[in-house]
Amino acid sequence: MKGSMPFSLITVLMPLPLCSADSTKLIIQPTFPAIMLQWQSDSVGSIYNYLSPGCQICRQGAGLVLFVTGRCERGCFYCPISEDRRGKDVAYADEQPVGELADILSEGRAIGALGTGITGGEPLLRLDYVLDCIRALKEEFGSEHHIHLYTGILPNRSVLKRLVRAGLDEIRFHPPDEEWSDPVGLKEVLEEAKALGLQAGVEIPAYKPAPQIVHAVREADAFLNLNELEFSETNFSRLMEEGFLPLDLGCGAEGSEEMARGYLLDDIKVHYCPSRFKDAVQLRERLRRRAERTSRPLDYITEEGTIIHGIIEGKEGDLKSALGIIDGLEVPAEMYSCLEGRIEIAAWILEEICPDLEGCKCDLCIIERYPLQDGPVVERIPL
């Protein structure tokens, strides 16, 4: 953690534990072996007897989320993709827009990514681009960098072989909901993927029974990931039309977790992931990894992965006066930074020198924000 912080204005939340005491049986090795476990649960509601390598990395916040396109030929009523991505050929590495492959690699370095999950839209509508991304990631981070792919398409052997040759490690199929009662070809493509050396599974939202999907997973000795049905700005109306109601807390749908429990069978590899996991664990851990790698000495890293620092804002002449006072007080150069229209400074130092800056006609405040370039501000406290 960078910076000294005798600082009381902002309460820093303690992190939720990732796993219950029983869950410590899962030891994640650098090679991320896929192993069947006794039933496990954690503090945010995940339940599983199996975690694929991609899920293991996700739980550490060490997975880069690579969104390669918003285009998709399906119209699933539960699709949560935002309006600025839906239907558009845009790419994002986590929250960062992607213009070229170098942007993806830069984000991977920023979070110390141990793996990448490729998603969309439908990634296989940009197959050549996906292959380029996989090859670039493997070349940059090594063969041990684990890559998994989500797709709603059942690819043929030729496509699977191209993905494997590029370096794909894991694939998750998402059959359209109208095919859940008769998922033609699902068992065969799961078996084909496994025969080619891929970890293979199915990932669906938990909102109705799907015994035939369970059967296909069981017969292929694949895995099943269940996600809590989740409300978003873009699917809210459709979910309400279908009769689903949001939970009082969070963005999950009433009854989804109860539905998921019906899938928790001893004879299949299964993992239920609640919507709150994304914020309580995945996002928090990823932000912490990024903050540890990109923050400055003047930034204080919270347990939530956000950063705290002070800001002095004002007109050019007033900022020059403030800078003169800072220099006169011999504040170490690494503890402040002069930017356009503001000076960023360690929060605890700004608190101490507040009285010295009273005559500068500057606005003084302390902010907590995401550790991104001009990241969203979580809290702003005037001094």
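**A tour from K361 to the second largest pocket**

Start by selecting K361, which sits in the loop between α11 (347-353) and β16. Helices (H or I, at least four residues) and strands (E, at least two) are DSSP runs, numbered from the N terminus. This is a predicted model, so local features need pLDDT of at least 70 and side-chain atom pairs count only at pLDDT 80 or more, while totals for chains, interfaces and linings use all residues. Residues are numbered from 1 along each chain as its sequence is written, and side-chain values use heavy atoms, with hydrogens and water left out.

Still on K361, check the backbone: phi is near 55 degrees, a positive value in a residue other than glycine. Most residues other than glycine have a negative phi. K361 counts as exposed, at 71% relative accessibility. (Exposed means over 50% relative accessible area, buried under 20%, partly exposed in between, with a 1.4 Å probe and protein chains only.)

**Along β16**

Now select β16, residues 363-369. Here 6 of the 7 residues are buried. Color β13 (residues 307-313) too: β13 and β16 pair in the antiparallel sense over 7 bridges. Strands count as paired if DSSP finds at least two bridges between them. To see the register, pick E313, which stands opposite D363 in β16. Then add β17 (residues 377-382), which pairs with β16 in the antiparallel sense over 5 bridges. There, R369 stands opposite V377.

**The second largest pocket**

Keep R369 selected and add P371, L372, Q373 and D374: of the 24 residues lining the second largest pocket, these five are the closest to its centre. The pocket holds about 420 Å³ of space. The search ran on a 1 Å grid over the protein atoms alone; a pocket is an open set of points where a 1.4 Å probe fits, with protein on both sides within 12 Å along at least five of seven lines, and lining residues have an atom within 4 Å of a point. Grid points are joined across faces, edges and corners, and the volume is the space filled by probe spheres set on the points.

Which elements each supply at least two residues of the lining? Select α2 (101-111), α9 (276-294), β13, β15 (342-345) and β16. Of these, α2 gives the most, with 4 residues. By class, the lining has 9 nonpolar, 6 polar and 9 charged residues. (Ala, Val, Leu, Ile, Met, Phe, Trp, Tyr, Cys and Pro are nonpolar, Asp, Glu, Lys and Arg charged, and the others, Gly among them, polar.)

**Helix α6**

Jump to α6 (residues 211-220) and show I213, V214, A216, V217 and A220, which are buried. Look down the axis: the buried residues fall within an arc of 160 degrees, so they line one face of the helix. That arc is taken from the directions from the helix axis to the C-beta atoms. They pack against α5 (186-195), β9 (199-206) and β10 (223-228). Just past the helix, D221 takes a positive phi of about 50 degrees.

**Two last stops**

Is E170 buried or exposed? This residue of strand β8 (residues 170-173) is buried, with a relative accessible area of 0%. Its contacts (heavy atoms within 4.5 Å), not counting residues up to four places away in sequence, include H146, H148 and F223.

For contrast, finish on E330, in the loop between α10 (316-328) and β14 (336-339). E330 is exposed at 68% relative accessible area, and its phi is near 55 degrees.
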